[in-house]
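Open the model in your viewer and keep the selection panel at hand. The stops below go from the whole chain to single residues, and each one says what to select and what is there.

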Amino acid sequence: MRICVPVLSLAVLGLSWVLPARAQDSRVLELELEDQFRNVHRSSEVSGRIVVLIGADRVASQFTGAWNQAIYDSLGDHPRYGQIAHLAHANLRGVPLFLKGMIRSRFPQEPDGWVLMNWKGTLPKTYGFTPESVNALVFSADGTLVHHASGSEPDEEAVHELVGVLGELLDEVTTP
């Protein structure tokens, strides 16, 4: 019994060190989702790049274009702007299965306008999306979440912070 208590204590202490590390791992970009054309997209496609993921539910979807435009207007002339991978995300959790086809048809029909169709709401759960808001997430080149902004229409302060983080990441990029 004397041996069991210290071993159990060490096991609990070791578990407390492991759990935060695993919780932190959920902040790394991991995705495997279809777009409206049923093409599967994985996080490995953007591995090694800075990623801006902009997503919204139905309520805030009307503002996603404004967020993208605000980022481009502020940072589009950066010499390494092309190093950013932009991912569009639609939180479609709760949409009945029989409406999937109709919903897909309402998204852009140009192949370059693909959007990640998140039917189960996995990304919003994983990254703590603010409901009824546009959520703009920035992941560094190693896949780590480094910034999360949210709101309806982009406000000056939120865009300034987001662009500041992106600018710092771009300045760190070494081009081959």
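Begin with the whole chain in cartoon view and follow the elements from the N terminus, where the order reads α-β-β-β-α-β-α-β-α-β-β-α. This is a predicted model, and its chain holds 5 helices and 7 strands. With the whole chain still selected, you are looking at 176 residues, of which 38% count as buried, and at an accessible surface of about 10800 Å², 55% of which belongs to carbon and sulfur atoms. Among the contacts in the chain with a separation of 6 or more, 71% are between residues 24 or more positions apart.

**The largest nonpolar core**

In soluble globular proteins, nonpolar side chains tend to be buried together. For the next stop, select Trp67, Ile84 and Leu166, which touch the most other members of the largest nonpolar core, a set of 25 residues. Then add strand E3 (50–56), helix H2 (64–75), strand E6 (134–139) and helix H5 (156–172), since each of these elements supplies at least two residues of this core. The element that gives the most to this core is H5, with 8 residues.

Elsewhere in the chain there is a second, separate core of 15 residues, and to find it you can select Val46, Leu116, Phe129 and Leu145, which are included in it.

**Trp67 and Val134**

Return to Trp67 and show the residues around its side chain and backbone. Leaving out residues up to four places away in sequence, Trp67 touches a set that includes Ile54, Val134, Ala136, Pro154, Ala158 and Leu162.

Now move to Val134, which is found in strand E6. Is Val134 buried or exposed? Val134 counts as buried because its relative accessibility is 0%, and the cut-off for buried is under 20%. Apart from neighbours within four places in sequence, the contacts of Val134 include Ile54, Gly55, Ala56, Phe63, Trp67 and Ala149. If you draw a distance from the C-alpha of Val134 to the C-alpha of Gly65, you should read 9.9 Å, for two residues that are 69 apart in sequence.

**The largest pocket**

Switch to a surface view and select Ala88, His89, Ala90, Phe107 and Val115, which lie nearest the centre of the largest pocket, out of the 25 residues that line it. The elements that give two or more residues to this lining are E3, H2 and strand E4 (84–91), and the largest share, 6 residues, comes from E4. The space in this pocket is about 650 Å³. If you colour the lining by residue type, you will find 13 nonpolar, 7 polar and 5 charged residues.

**Two loop residues with positive phi**

Finish with two residues in loops, beginning with Arg38, which lies between strand E1 (32–34) and strand E2 (40–42). Although Arg38 is not a glycine, its phi is positive, at about 70°. Arg38 has a relative accessible area of 53% and is therefore exposed.

The last selection is Glu132, in the loop between helix H4 (122–127) and E6. What is the phi of Glu132? For Glu132 the value is near 55°, which is positive in a residue other than glycine. Glu132 is exposed as well, with a relative accessible area of 52%.

Definitions and conventions: Residues are numbered from 1 along each chain as its sequence is written. This is a predicted model: local features need pLDDT of at least 70, side-chain atom pairs count only at pLDDT 80 or more; totals for chains, interfaces and linings use all residues. Side-chain values use heavy atoms; hydrogens and water are left out. Helices (H or I, at least four residues) and strands (E, at least two) are DSSP runs, numbered from the N terminus. Buried means under 20% relative accessible area, exposed over 50%, partly exposed in between (1.4 Å probe, protein chains only). Contact means heavy atoms within 4.5 Å. Accessible areas come from the Shrake-Rupley method with a 1.4 Å probe; for residues, only the protein chains shown count as cover. A nonpolar core is a set of buried Ala, Val, Leu, Ile, Met, Phe, Trp, Tyr and Cys residues joined through side-chain atoms within 4.5 Å. On a 1 Å grid over the protein atoms alone, a cavity is a set of points where a 1.4 Å probe fits but cannot get out, and a pocket is an open set with protein on both sides within 12 Å along at least five of seven lines; lining residues have an atom within 4 Å of a point. Grid points are joined across faces, edges and corners, and a volume is the space filled by probe spheres set on the points. Ala, Val, Leu, Ile, Met, Phe, Trp, Tyr, Cys and Pro count as nonpolar, Asp, Glu, Lys and Arg as charged, and the others, Gly among them, as polar.
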